[in-house]
Amino acid sequence: MNQPFDPDPSGMGSAPYSGLITFARREATRDLAGADIVVLGVPFDAATTNRPGARFGPRAIREQSLFVGQYPWGHWPWDFNLWDTARVVDWGDIPLTAMWPGYTERMVADTTRTARAIVGSGAALLGLGGDHMVSYPLLA
């Protein structure tokens, strides 16, 4: 049987539990041209002791962001629609090779390089982590 044509293949009009998971269903791209705000995930928690799990932070934040602006009375928690005033894109996560335990230096180098490229493009950076260690390369 033929499947009906899906006029919304991105899932943007779908319920929060379906479709591609990007920050607030923004475009997934590494093309920084014209981006005002770029979301970057750093799923790293090798700098913690006896409490791993912060590596799932970027994914969890993206999942919860699917609920923002899905209400008929407006774009809670704001009284305006951010998407009308800024182009927000989701760059994705720092590559997995930088995330293996014992490779903290690689994570710092990769994150610093990526953050500098994003900020250098003129866009603002919204970093999603990870443990406290991810703050250092994002600020550097």
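These legends walk through several close-up views of a predicted model.

**View 1. Four strands line up in one open sheet.**
Start with the sheet, where the strands sit in the order S1-S3-S2-S4 and pair in parallel. Strand S1 (27-28) and strand S4 (124-129) stand at the edges with a single partner strand each, so one side of each has no neighbour in the sheet. If you're wondering how strands hold on to one another, they pair through backbone hydrogen bonds, either parallel or antiparallel.

**View 2. Strand S2 pairs with S4 and with S3.**
Zoom in on strand S2, which covers residues 37-42. Six bridges join S2 to S4, and the two run parallel. You can pick out a couple of these pairings by residue: Ile37 has Ala124 as its bridge partner in S4, and Gly41 has Leu128. Turning to S3, S2 pairs with that strand over five bridges, again in the parallel sense. Here Val39 of S2 finds its bridge partner in Asp90. S2 is also mostly covered, with five of its six residues buried.

**View 3. Helix H1 packs on the sheet.**
Helix H1 takes in residues 57-65. This helix touches S2, strand S3 (88-93) and S4. Compare the directions of H1 and S4, and you get an angle of about 115°.

**View 4. Helix H3 lies across three strands.**
Now look at helix H3, made up of residues 104-120. The strands H3 lies across are S2, S3 and S4. Relative to S2, H3 runs at about 175°.

**View 5. Leu32 is a buried residue in a loop.**
Find Leu32 in the loop between S1 and S2. Its relative accessibility is 17%, which is why Leu32 counts as buried: the cut-off is under 20%. Who does Leu32 touch, leaving aside residues up to four places away in sequence? The contacts are Val38, Trp91, Ala117, Ile118 and Ser121. Gly122 is worth finding too: Leu32 and Gly122 are 90 residues apart in sequence, with 8.8 Å between their C-alpha atoms.

**View 6. The largest nonpolar core holds 14 residues.**
Within this core, the residues that touch the most other members are Val38, Leu40, Val42, Trp91, Met107 and Ile118. S2, S3 and H3 are the elements that each give two or more residues to this core. Val38 is a good place to pause, as its contacts include Leu32, Val89, Trp91 and Ile118, along with Ala123, Ala124, Leu125 and Leu126. That list, too, leaves out residues up to four places away in sequence. Apart from the largest core lies another one, of seven residues, among them Val39, Trp83, Ala86 and Leu128.

**View 7. Arg62, Asp90 and Asp93 form a salt-bridge network.**
How many salt bridges does the structure hold? There are five, and this view shows the ones linking Arg62, Asp90 and Asp93. As background, side chains of opposite charge can pair when their charged atoms come close. The side chains of Asp90 and Arg62 meet at 2.7 Å, N to O. Asp90 lies in strand S3 and Arg62 in helix H1, so this pair ties together parts that are 28 residues apart in sequence. Arg62 also meets Asp93 in a salt bridge, at 2.8 Å, N to O. That pair links distant parts of the chain as well, with Asp93 in strand S3 and Arg62 in helix H1, 31 residues apart. Are the three residues buried or exposed? Asp90 is buried, with a relative accessible area of 3%, and Arg62 is buried at 6%. Asp93, at 29% relative accessibility, counts as partly exposed.

**View 8. Asp110 and Arg113 pair up within helix H3.**
This salt bridge brings the closest N and O atoms of Asp110 and Arg113 to 2.5 Å apart. Both residues lie in helix H3, three residues apart, or about one turn of the helix. Asp110 counts as buried, at 12% relative accessibility, whereas Arg113 counts as exposed, at 52%.

Definitions and conventions. Residues are numbered from 1 along each chain as its sequence is written. This is a predicted model: local features need pLDDT of at least 70, side-chain atom pairs count only at pLDDT 80 or more; totals for chains, interfaces and linings use all residues. Side-chain values use heavy atoms; hydrogens and water are left out. Two strands pair if DSSP finds at least two bridges between them. Contact means heavy atoms within 4.5 Å. Axes are lines fitted to C-alpha atoms, for helices over the stretch in contact, and angles run from 0 to 180 degrees between N-to-C directions. Buried means under 20% relative accessible area, exposed over 50%, partly exposed in between (1.4 Å probe, protein chains only). A nonpolar core is a set of buried Ala, Val, Leu, Ile, Met, Phe, Trp, Tyr and Cys residues joined through side-chain atoms within 4.5 Å. A salt bridge is a side-chain nitrogen of Lys or Arg within 4 Å of a carboxyl oxygen of Asp or Glu.
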